[in-house]
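Biologist: I've got the sequence and the model up on my screen. Can you walk me through how the pieces pack together?

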Amino acid sequence: MSRGNNRAMSRKPVMSDVARLAGVSHQTVSRVINGSSSIRPETRERVQHAIAQLGYRPNSVARALVTSKSGIIGIIGSSTAQYGPSSIQRSVEESAREAGFFSSSVTLAAVTRQEIRGALDHLSRLAVEAIVMIAAQQDALNVVYSEDFGVPVIVVEGDLSGSGLSVGVDQVGAARTATQHLIDLGHTEIAHVAGPDGWPEAAGRTKGYLDAMLAARLAPRPEHKGDWSAARGYALGREVAADRDLTAVFVANDHMAIGVLHALAEAGRRVPEDISVVGFDDIPEAPYLIPALTTIRQDFAAVGHQAIAMVKAQLTDTECETSLLPSDLVIRDSTAPPRAG
């Protein structure tokens, strides 16, 4: 091979190389890259094969100049280490990349109007086409629905209505399923360790617990108010352990459930022989706890895909389903029927 060919092979491929290999025009390659619907499927496949073979990467700046679209979506999340919100943010970022979008993520130091306005100003300078707001807290949701963003805004978490531009898991239904599992096992004295005030998903899980208890004509226990942490779960678990009438507890997230399990073990209350425990989230550690934790699994990947599907629908003026997503009850070793007598 000549030195000239070596140089040709080592340089970065350009659009004309793709056109030459696919046997089409430069304009056809451009239309394929920019998602034109006027390209025949066999032509599109040939161009995409050439792109993959050459390792061609379209120039996003040039594409934006041609289409007047940046191909960028903004993602705003709050500064939290909670498993649910952080998993959802990763899922949205991955789904955006799979859909061909670039994404720019902004993490809020605090959920305030000033912080959100600063995030919006930053994203507007990037000319984002849409924004995905992970509004886990009620304060964030209030700001989202009172501001004019200038672009479509998809709310993930927070809005439990299942309507409009919102995506999320059916928290009420999931909590109802968790509580009903305990009722079906024969438990009647069931406590609830709740999430903190100001979090719509915590309120939804409490509502699901109350709905299931009242539907079964059982008296709900006074709420134990948590903060999502294992430490607070431990403190509330000591209260649960001290109530010898209780035979089961539904905990609003798995991290608090870890604290509850520790407190119960410390008090000599065996799980599930003396008291059953159900968590929520199915964190990676849940199967390896002692005992393995029965919990609710949320499909965070589906949440991310649904959020990006809604972004695409808004940008193309098409319809997109807005119903809340289902969850799964994962039954492990921490639940069993109450002891007789």
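Biologist: How do helix 9 and helix 10 pack, roughly parallel or oblique?

Modeller: This is a predicted model, where local features need pLDDT of at least 70, side-chain atom pairs count only at pLDDT 80 or more, and totals for chains, interfaces and linings use all residues. Residues are numbered from 1 along each chain as its sequence is written, and side-chain values use heavy atoms, leaving out hydrogens and water. The axes of helix 9 (residues 171–184) and helix 10 (residues 200–215) sit 7 Å apart at an angle of about 40 degrees. Under 35 degrees counts as roughly parallel, over 145 as roughly antiparallel, 65 to 115 as roughly perpendicular and the rest as oblique, so helix 9 is to helix 10 oblique.

Biologist: How many charged residues are in the contact of helix 9 with helix 10?

Modeller: Contact means heavy atoms within 4.5 Å. Helix 9 brings residues including Arg176 and Gln180, and helix 10 brings residues including Glu201, Lys207 and Asp211. Asp, Glu, Lys and Arg count as charged; Ala, Val, Leu, Ile, Met, Phe, Trp, Tyr, Cys and Pro as nonpolar; the others, Gly among them, as polar. Next to 6 nonpolar and 5 polar residues, the number that are charged is 5.

Biologist: What is the handedness of the crossing of helix 6 and helix 13, left-handed or right-handed?

Modeller: The axes of helix 6 (residues 83–98) and helix 13 (residues 300–316) come within 8 Å and cross at roughly 50 degrees. A crossing is left-handed if the near helix is turned anticlockwise from the far one by less than a right angle, and right-handed if clockwise. For helix 6 and helix 13, the crossing is right-handed.

Biologist: Which class has 7 residues in the contact of helix 2 with helix 4?

Modeller: Helix 2 (residues 15–22) and helix 4 (residues 41–54) pack at about 125 degrees, axes 9 Å apart. Val18 and Leu21 are among the helix 2 residues there, meeting helix 4 residues that include Val47, Ile51 and Leu54. With 1 polar and 2 charged residues also present, the class with 7 is nonpolar.

Biologist: What area do domain 2 and domain 3 bury between them?

Modeller: The domain assignment, which is automatic or from a database, gives domain 2 as 68–169 + 300–325 and domain 3 as 171–298. Their C-alpha centres lie 30 Å apart, and 10 residues of domain 2 are in contact with 14 of domain 3. Buried area is the accessible area (1.4 Å probe) that two parts lose on being put together, summed over both. Here 62% of it is on carbon and sulfur atoms, and the total is about 1,300 Å².

How values were computed:
Axes are lines fitted to C-alpha atoms, for helices over the stretch in contact, and angles run from 0 to 180 degrees between N-to-C directions.
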